[in-house]
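Visitor: I would like to know how the labels on a structure are justified. Could you take me through some of them?

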Amino acid sequence: MRDDNKNDNKNVDTRIKSRANAGSRVLSRLDLPEDASGAEPCVRMFGTNSLWVENHRGVLELGRKTIRLYTSIGVLRITGEDLDVRLADRETVRCDGLIKSVEYEI
């Protein structure tokens with residue numbers, strides 16, 4: 001009986017490794033940005049009223065007309081009217097309000 005269990009475990013290990021290799025092959029063929037590891041900021045804008053920034057490194061300025069965030073590639077400046085930060089944690093900032101411009105100070 002023990003030999004059967006060892007063989008079953010080897011078969012399961014082989015299947016898991018095979019799936020992992022298949023997953024690696026698929027990921028290598030995807031057209032991903034150079035740094036898909038999450039180190040660079042990801043900025044998503046929804047219409048003109050909501051903006052999400054992932055992978056920021058801190059809030060530098062917080063005002064009703066300007067919000068500035070420190071990122072790995074420079075300071076991101078968001079300007080607009082009635083800006084408000086609805087969410088701010090270690091990774092993500094969500095800004096709401098009338099967003100007029102988004103630009104990097106490099």
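Guide: Yes. This is a predicted model. One label to begin with is that of Arg-68, which counts as partly exposed at 22% relative accessibility.

Visitor: Why is Arg-68 called partly exposed?

Guide: Buried means under 20% relative accessible area and exposed means over 50%. Arg-68 has 22%, so the label is partly exposed. Glu-105, at 26%, is partly exposed as well.

Visitor: What makes Glu-105 and Arg-68 a salt bridge?

Guide: A side-chain nitrogen of Lys or Arg must lie within 4 Å of a carboxyl oxygen of Asp or Glu. For the side chains of Glu-105 and Arg-68 the N to O value is 3.1 Å, so the pair qualifies. Glu-105 is in strand β6 and Arg-68 in strand β4 (residues 66-71), so the pair ties together parts that are 37 residues apart in sequence. Both residues also belong to a network of salt bridges that includes Glu-61, Arg-77 and Glu-103.

Visitor: How many salt bridges does a search of the whole structure find?

Guide: The search finds 10 salt bridges. Side chains of opposite charge can pair when their charged atoms come close.

Visitor: How do you know that Arg-86 and Asp-96 meet in a salt bridge?

Guide: Their N to O value is 3.5 Å, and the cut-off is 4 Å, so the pair counts. Arg-86 lies in strand β5 (residues 74-88) and Asp-96 in strand β6, so this pair ties together parts that are 10 residues apart in sequence. Asp-96 also meets the side chain of Arg-94 in a salt bridge, at 2.9 Å, N to O.

Visitor: Which of these residues, Arg-86 and Asp-96, is buried and which is exposed?

Guide: Arg-86 has a relative accessible area of 55%, which is over 50%, so Arg-86 is exposed. Asp-96 has 12%, which is under 20%, so Asp-96 is buried. Arg-94, at 29%, counts as partly exposed.

Visitor: Why is His-56 called buried?

Guide: The relative accessible area of His-56 is 10%, and buried means under 20%, so the label follows. His-56 sits in the loop between β2 (50-54) and β3 (58-62). Leaving aside residues up to four places away in sequence, His-56 touches Tyr-70, Asp-89, Arg-90, Glu-91, Thr-92 and Val-93.

Visitor: What does the side chain of His-56 reach at 3.0 Å and at 2.9 Å?

Guide: At 3.0 Å it reaches the backbone nitrogen of Gly-58, and at 2.9 Å the backbone oxygen of Asp-89.

Visitor: How many disulfides are there?

Guide: The count is zero, where the rule asks for a pair of cysteine sulfur atoms within 2.5 Å. As for the cysteines Cys-42 and Cys-95, Cys-42 is partly exposed at 30% relative accessibility, while Cys-95 is buried at 0%.

Visitor: What makes up the nonpolar patch on the surface?

Guide: The patch is formed by Val-43, Met-45, Ile-73, Val-102, Tyr-104 and Ile-106, which together have about 530 Å² of accessible area. Strands β1 (42-46) and β6 (92-105) each supply at least two of its residues.

Visitor: Where is Ile-106, and why is it called exposed?

Guide: Ile-106 is in the segment after β6. Its relative accessibility is 88%, and exposed means over 50%, so Ile-106 counts as exposed.

Key
Residues are numbered from 1 along each chain as its sequence is written. This is a predicted model: local features need pLDDT of at least 70, side-chain atom pairs count only at pLDDT 80 or more; totals for chains, interfaces and linings use all residues. Side-chain values use heavy atoms; hydrogens and water are left out. Buried means under 20% relative accessible area, exposed over 50%, partly exposed in between (1.4 Å probe, protein chains only). Helices (H or I, at least four residues) and strands (E, at least two) are DSSP runs, numbered from the N terminus. A polar contact is a pair of N or O atoms within 3.5 Å; within protein, one must be able to donate a hydrogen and the other to accept it, and residues adjacent in sequence count only if both atoms are side-chain atoms. Contact means heavy atoms within 4.5 Å. Patches are made of residues with over 30% relative accessible area and no salt bridge: like charges are joined within 9 Å, nonpolar side chains (Val, Leu, Ile, Met, Phe, Trp, Tyr) within 5 Å. Accessible areas come from the Shrake-Rupley method with a 1.4 Å probe; for residues, only the protein chains shown count as cover.
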